[in-house]
Amino acid sequence: MVIFPLMKIIILLGAPGSGKGTIAGRLSAGGGACRHISSGDLLRDAVKRQTAAGAEADGYMKRGELVPDELVARMISDLLAGAAGDCTLLLDGFPRTVAQAQMLDAAVAAGGAGLDMAILLDVPEEILTDRIAGRRVCPACGAGYHVASIPPKAEGVCDVCGAALVVRKDDNPETVRNRLAVYRVQTAPLIDFYEARGLLRRVDGAREAGLVADDLRRLLA
Ligand code: AMP
């Protein structure tokens with residue numbers, strides 16, 4: 001994995017439903033200086049295109065488990081290798097284990113760069129389950145909605161491309177319970193990992209998305 005020294009690298013941490021994708025989408029909208037890299041979107045795309053990586057990842061994702069570290073690291077590394085050097089990278093969903101964080105550290109160090117910060121979107125668990133239950137996504141362009149807090153202009157239809165919105169396959173209650181448990185055990189340790197290095201910033205992610213995005217813009221300024 002080669003990372004260009006001019007890149008700013010921001011890690012978005014937070015449980016499923018904490019709003020990482022929504023907030024990163026807002027910050028990168030309009031092709032500005034921020035580039036949103038979502039490991040979940042990359043994996044869903046690989047599953048859709050039926051690549052070898054997608055076939056390997058599919059079962060883990062359906063069960064709400066993490067796919068193997070090496071597979072995700074390879075996908076992220078391919079993507080970073082083609083990224084321009086003068087942008088801010090918002091990493092959404094990666095790293096998700098301490099092993100992945102160590103792989104990222106090694107890659108960043110090899111490129112002569114550093115991580116800028118890890119931003120935790122802090123959201124209480126009862127709000128997470130509520131948000132996920134109302135979440136809708138566009139299968140064509142990836143835009144995200146919520147039936148109550150971020151509704152599309154026409155019910156069930158994507159504002160951006162007009163496709164019919166769907167519920168993500170892994171947003172059913174049983175898989176969500178598993179994803180939250182996996183987060184607590186495998187991903188939450190990253191909070192201490194980055195705090196110990198002075199890189200962690202906490203943002204109250206339970207508020208309206210526009211306010212959360214404004215906080216992040218201030219942090220990134
Ligand atoms: P997300 O869209 O970030 O909620 O991710 C959806 C699913 O993709 C997760 O439940 C995992 O199965 C898989 N996934 C996404 N990112 C990673 C990662 N960094 N490591 C392992 N699995 C991942």
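## Lys-20 and its neighbours

Contact here means that heavy atoms lie within 4.5 Å of each other. With that in hand, let us start a tour of this predicted model at Lys-20. Leaving aside neighbours within four places in sequence, Lys-20 is in contact with Leu-12, Leu-13, Gly-14, Ala-15, Asp-92, Gly-93 and Leu-121. Lys-20 belongs to helix α1, which covers residues 20-28.

Lys-20 is buried, yet it has no salt bridge. The nearest side chain of opposite charge belongs to Asp-92, 4.6 Å away. A salt bridge needs a side-chain nitrogen of Lys or Arg within 4 Å of a carboxyl oxygen of Asp or Glu, so this pair does not count as one.

## Around the ligand

Gly-93, one of the contacts of Lys-20, also brings us to the ligand. A polar backbone atom of Gly-93 is 2.8 Å from a nitrogen atom of the ligand. An oxygen atom of the ligand lies 2.6 Å from a polar backbone atom of Glu-65, and an oxygen atom of the ligand is 3.0 Å from an N or O atom in the side chain of Arg-44. On its own, the ligand has 480 Å² of accessible area, and the protein covers 96% of it.

In total, 16 residues surround the ligand, and the closest are Ser-39, Glu-65, Gly-93, Arg-96 and Gln-100. Which helix gives the most to this shell? It is helix α2, residues 39-48, with four residues.

## Asp-69, another buried charge

Two of the names from the ligand shell, Arg-96 and Gln-100, come back when we turn to Asp-69. This residue lies in helix α4, residues 69-81. Asp-69 is buried and has no salt bridge; Arg-96 is the nearest side chain of opposite charge, 9.2 Å away.

What does the side chain of Asp-69 meet through a polar contact? Its partner is the side chain of Gln-100, at 2.9 Å. Not counting residues up to four places away in sequence, Asp-69 touches Thr-97, Ala-99, Gln-100 and Met-103.

## Two loops that meet

Val-123 sits in the loop between β4 (117-122) and α6 (125-133), while Gly-205 is found in the loop between β7 (200-204) and α9 (209-220). Are these residues buried or exposed? Gly-205 has a relative accessible area of 2%, so it is buried. Val-123 counts as buried too, because its relative accessibility is 12% and the limit is under 20%.

Beyond its neighbours within four places in sequence, Val-123 is in contact with Ser-18, Leu-128, Arg-131, Gly-205 and Ala-206. Seen from the other loop, and with the sequence neighbours again left aside, Gly-205 is in contact with Ser-18, Asp-122, Val-123, Arg-131 and Val-212. For a sense of distance, Gly-205 and Thr-129 are 76 residues apart in sequence and 14 Å apart in space, C-alpha to C-alpha.

## Two backbone details

Most residues other than glycine have a negative phi, and most peptide bonds are trans. Against that background, two places are worth a look. The peptide bond from Phe-94 to Pro-95 is cis, with omega near 0 degrees. Pro-95 lies in the loop between β3 (88-92) and α5 (98-110).

The other place is Gln-50, a residue other than glycine whose phi is positive, near 55 degrees. Gln-50 is found in the loop between α2 and α3 (52-63). Its relative accessibility is 70%, so Gln-50 counts as exposed.

Note on methods. Residues are numbered from 1 along each chain as its sequence is written. This is a predicted model: local features need pLDDT of at least 70, side-chain atom pairs count only at pLDDT 80 or more; totals for chains, interfaces and linings use all residues. Side-chain values use heavy atoms; hydrogens and water are left out. Helices (H or I, at least four residues) and strands (E, at least two) are DSSP runs, numbered from the N terminus. Buried means under 20% relative accessible area, exposed over 50%, partly exposed in between (1.4 Å probe, protein chains only). Lys and Arg count as positive and Asp and Glu as negative; His and the chain ends are not counted. A polar contact is a pair of N or O atoms within 3.5 Å; within protein, one must be able to donate a hydrogen and the other to accept it, and residues adjacent in sequence count only if both atoms are side-chain atoms. A residue is near a molecule or strand if one of its heavy atoms lies within 4 Å of it. Accessible areas come from the Shrake-Rupley method with a 1.4 Å probe; for residues, only the protein chains shown count as cover.
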